[in-house]
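Student: I have this model open and would like to go through its contacts with you. Can we start with what you mean by the terms, and then move on to the chains?

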Amino acid sequence: MATEILMPALSPTMEEGTLAKWLVKEGDTVSSGDVIAEIETDKATMEFEAVDEGIMGKILIPEGSADVKVNTPIAVLIEEGESLADASAAPAPSAVEETAPAAAAAPSAPATPAPAAVVAEPDWPEGTKVKQQTVREALRDAMAEEMRANDDVFLMGEEVGEYQGAYKISQGLLDEFGAKRVIDTPITEHGFAGIGVGAAFGGLKPIVEFMTFNFAMQAIDQIINSAAKTLYMSGGQMGAPMVFRGPNGAAARVGAQHSQDYAAWYAHIPGLKVAMPYSASDAKGLLKSAIRDPNPVIFLENEILYGRSFDVPELEDFTVPFGKARIWREGTDVTLVSFGIGMTYALEAADKLAEDGISAEVIDLRTLRPMDTATVIASVQKTNRCVTIEEGFPVGAIGNHISAVLMEQAFDYLDAPVINCTGKDVPMPYAANLEKHALVTTAEVVEAAKSVCYR
Amino acid sequence: MAARKTTAKPNVSADELKAYYRDMLLIRRFEEKAGQLYGMGLIGGFCHLYIGQEAVVVGLEAAAEEGDKRITSYRDHGHMLACGMDPDGVMAELTGREGGYSKGKGGSMHMFSKEKHFYGGHGIVAAQVPLGAGLAFADKYKGNGRVTFTYFGDGAANQGQVYETFNMAALWDLPVIFVIENNQYAMGTAQKRSTSTPDLYTRGEAFGIKGEVVDGMDVLAVKAAGEKAVAHCRSGKGPYILEIKTYRYRGHSMSDPAKYRTREEVQKMRSERDPIDHVRDLLLQGKHATEDDLKAIDKEIKKIVSDSAEFARTSPEPALNELWTDIYADA
C-alpha cells in the first residue's frame, strides 16, 4: 500500500516552506527515523525524518521548490513488492497550489491580508523605489543599519547569536558584528534585562531581545522600576536609552502561557515608549527610531507577522517617527483603529464592509506611547463612529483608553458608542477551534462596525 | 563576629587615617541629623540609616580610583557621602527640596550622581545587582579599565536575580565587585532565620567567583580586601565577592521598633566594635593625631552637617511644573 509523505509543519506558525534538498532518491529503502529531506521554514532549515519504512516510490516535489504548502504530498513511499507504477497510481497531486489544507497546521493564523488598501499617508516621498520585504528582514536590517552607525549599539538575548535568532530576526548579525556586540545570554530574563539596563546607565545602547514577551514577565521589575523610572528619580541625570524587543501576543497553538498581548501593560507606564508595528516598513522605520531614542522603548513584534511581506522604501536611512498614526485606508462611515496584528482584522473587515457599501477608515496607531489620538479624533469627527481592534484582553485594554479619549474630546461627534473588539476574557486555550474564538475575529469587527452604523 | 581577624593591613599614612576618621564621622553625624529631621517631620517616607556600617564604604572608597562606579540599595546615604557627593544635595533630597540631587523627585532611596559615578539608590531589594553588573559590562565593552562596586545586603543575597547575575558576570568576566554588606538582619529577620548557609562569601563558588569575608568594623581591613578585589577585577579576571560583616545600630528604617534583637546586643557592638572609635584609637595610640586634632575634625563635621540641614530646610520645594519634567529625555 503506497503511503504519501506530506509536507510537515515544523513550527507553530509555519504555513509553507521550501523543500531545500532530498537526501534520498527514488528506489532507496528508508527506515523510520532516517533523515530524508531538508526543509527550510521561515525560521530555520530543518531535517525531515521518515516516519514509516519502505521504498521511495516517487518524489512528487523536486528539491529547490519554494512555497510548498503544509500537508502537500511531497513523495510516495511504497512497500517491498510494490512497483513504481503502483506509486504513480496513487493520488499524487503535482501542483503545489492544488492542495493547501494549511489551516490544519496553523488554524489560528489569520489569512494573509490583502494590503491592497490604499495607504492614505505613506511615510516616504512619492516616486521612492520600494522593495518587497518581510517584517523579519526589515527588523534585521534596522538593527544592522543602526549597529553600523553606532558602536555603542549591541544586541543581547537568548539565541540571538550562534543560533541566528530563535525567530531568525538576528540572522547574520553575529557574522557581521562579532560576539562582542551580538551576545548570547543564558535563559535568565530577570538577570540579563537588569544587566542591559545597567549597561544603558553606563552609556551603551542595548537592544535586549526577549524570545517572546511572555518571558519578559520574569524581567518586568527591571523594565519598569529600573529602566522606566530612573530618569525621573534622578532628576534627569541618567536614564536607560535602550530597546526591549521581541514577539508579543498569540502565535499559534502555543497555549495560555505563550500567548498574551502585553500592549496595554507597557502602554500604562510613564517613562516607557511603546511601539507595535504591523507592516515591514513600520517595523524597520520604528525600530531604527527606537534604537536612537534616548528612552527605554518596548518594541512589540508578532510572530505571525514576521513572515509577511510589504513594500519597504529603498532609502538609505528610513525612519518612522513615534507618535504618528498611519491611515491605511480612507473612509467616511466608520473609523477602525488598531495596531500590530490587529490591523489584519481591521483591513479584512474594511474590505468586507466595502462590499456592503460601508466605507471604513482604517488607522494604524503604530506607537501606543506616545499615542496619536489627534489622528483618531480627526477621523471620528468625520465618520462619527469608531471601533477599536486588538488581540489583548478586554479589561484595561488599549481600546478602553481610546474610548475614554473620544468620550472626553469628541463626545459631540459620536453618533454611536465606541465598540472595543478584543481578545476574549479567558486564558488562551490550546484547542484549535477554541483558540480561534479566543482571539478577535474579522467577523466580530464587521459586526461591530455595522452595529455602530446601525446596519 | 567570626570574621573578626583580617590579617592583611595596608600601610596608610597618618593623613589617610585621619581622612577615614573624618569621612566615617561625616556619615555618622549626617545620619544622626537625618534621624533628627525625620523626627521633626522634615523627612518623610522610608529613611534607612547607615549608622554602624561606616567603615564599609569608607574602606572601599579608599580602594577605588577616579572613574570607578558604585551602585547600592536604598540604604545609600553613606555611599553617597563616601564617594564625595555634596552633603547639602543629599540632605535636601531627603527633605524633598529643589536643591536635592534629584530635585526632590527621588527621595532617600533614589539618588544618583553622574559626576561622582554613583548609580543609585535602588528601592527594590537586589535590583541593583544586575544593574551593577551591567555597568561593569559597559566598562568592559568600552575597555576603559574601570570597576564597579555593587553593594547589597544579606537580605538581597537570597534573591534569585543575584545568582543570575553571578552566572553572567563570571561567564563574561565582568569587572564587578559584589559587596555583600552583611549587617546580619534582613529588615527584622536574623540571618540564621532567613539564610540556609551562613557564609555568604561562598555563594559565588558554584559560579567560580572568588570570595572572602572581611571584618567590616575595621576600615583598614576593608580597604585591604577592597584593594585585592579591585586588582583582581582590573586585571581582567572577572568578578569578586566581598562579604563584609557589619552591624547597623539603628532599626531597618526609621519606623522599625527593632524588637527582633536585644538592646544589649546593640550596646555591646557599639561599645566594643565601633568602627569610628577603632580609628580614633589607632590615631591617638599611634600618636598620629592629638585630641585637639580630632576635636577640630569633629567641629568641621558638625558645621558641614548643620549647614546641610539648614540648606535642606530652606531650599524651596520643587516647582509644580517639575511634576512633568524628566519623564522622557528629548529624542
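Tutor: Let us begin with a definition: a salt bridge here is a side-chain nitrogen of Lys or Arg within 4 Å of a carboxyl oxygen of Asp or Glu. Please also keep in mind that this is a predicted model.

Student: Okay, which residue forms a salt bridge with Asp282(A), and how far apart are the closest N and O atoms?

Tutor: The partner of Asp282(A) is Arg366(A), and their closest N and O atoms are 2.8 Å apart, which is inside the limit of 4 Å and therefore counts as a salt bridge. Between domain 2 of chain A and domain 3 of chain A, the rule finds two salt bridges.

Student: Where do the domains of chain A begin and end?

Tutor: Chain A is split into domain 1, covering 3-90, domain 2, covering 130-313, and domain 3, covering 326-452. The centres of domain 2 of chain A and domain 3 of chain A, taken over C-alpha atoms, are separated by 26 Å, and their contact draws 32 residues from domain 2 and 27 residues from domain 3.

Student: How much area do domain 2 of chain A and domain 3 of chain A bury between them?

Tutor: They bury about 2,300 Å² between them, with 60% of it on carbon and sulfur atoms. On the side of domain 2 of chain A, the residues that lose the most area to domain 3 are Arg253(A), Met276(A) and Tyr278(A), which together account for 31% of what that side buries.

Student: And how many residue pairs are in polar contact there?

Tutor: The count between domain 2 of chain A and domain 3 of chain A is 14 residue pairs in polar contact, with both residues at pLDDT 80 or more. On the domain 2 side, at least two residues each are supplied by α7 (263-267), β14 (273-275) and α8 (280-292) of chain A, and α7(A) gives the most, with four residues. By class, that side divides into 20 nonpolar, seven polar and five charged residues.

Student: Switching to the two chains, how many residues of each are in contact?

Tutor: In chain A 47 residues are in contact with 38 residues of chain B. The area buried between chain A and chain B is about 3,400 Å², and carbon and sulfur atoms give 67% of that. Within chain A, Ile195(A), Tyr232(A) and Met233(A) lose the most area to chain B, and together they make up 21% of what that side buries.

Student: What is the count of salt bridges between chain A and chain B?

Tutor: That count is zero, although the rule does find 20 residue pairs in polar contact across the interface of chain A and chain B, both residues being at pLDDT 80 or more. The elements of chain A that give two or more residues to the side touching chain B are β10 (153-157), β11 (182-184), α4 (189-201), α5 (220-228) and α6 (230-233). The largest share of that side comes from α4(A), with ten residues.

Student: Now for backbone oddities: which peptide bonds are cis?

Tutor: One of them runs from Arg369(A) to Pro370(A), with omega near 0 degrees, and Pro370(A) sits in the loop between β20 (367-369) and α10 (373-383) of chain A. Another joins Gly120(B) and Gly121(B), where omega is about 25 degrees, and Gly121(B) lies in strand β2 of chain B, residues 118-121.

Student: Is phi of Asn71(A) positive or negative?

Tutor: Phi of Asn71(A) is positive, near 80 degrees, and this residue is found in the loop between β7 (65-69) and β8 (73-78) of chain A. As background, most residues other than glycine have a negative phi.

Student: Last thing, what is the mean pLDDT of chain A, and over which residues is it below 50?

Tutor: Chain A has a mean pLDDT of 91, and 92% of its residues reach 70 or more, but over residues 89-116 of chain A the pLDDT is below 50. Chain B averages 95, with 97% of the residues scoring at least 70, while over residues 1-6 of chain B the pLDDT is below 50.

How values were computed: Residues are numbered from 1 along each chain as its sequence is written. Chains are lettered from A and ligands numbered from 1 in the order in which they are written. Side-chain values use heavy atoms; hydrogens and water are left out. Contact means heavy atoms within 4.5 Å. Buried area is the accessible area (1.4 Å probe) that two parts lose on being put together, summed over both. A polar contact is a pair of N or O atoms within 3.5 Å; within protein, one must be able to donate a hydrogen and the other to accept it, and residues adjacent in sequence count only if both atoms are side-chain atoms. pLDDT is the predictor's confidence in each residue, from 0 to 100. Domain bounds come from an automatic or database domain assignment. Ala, Val, Leu, Ile, Met, Phe, Trp, Tyr, Cys and Pro count as nonpolar, Asp, Glu, Lys and Arg as charged, and the others, Gly among them, as polar.
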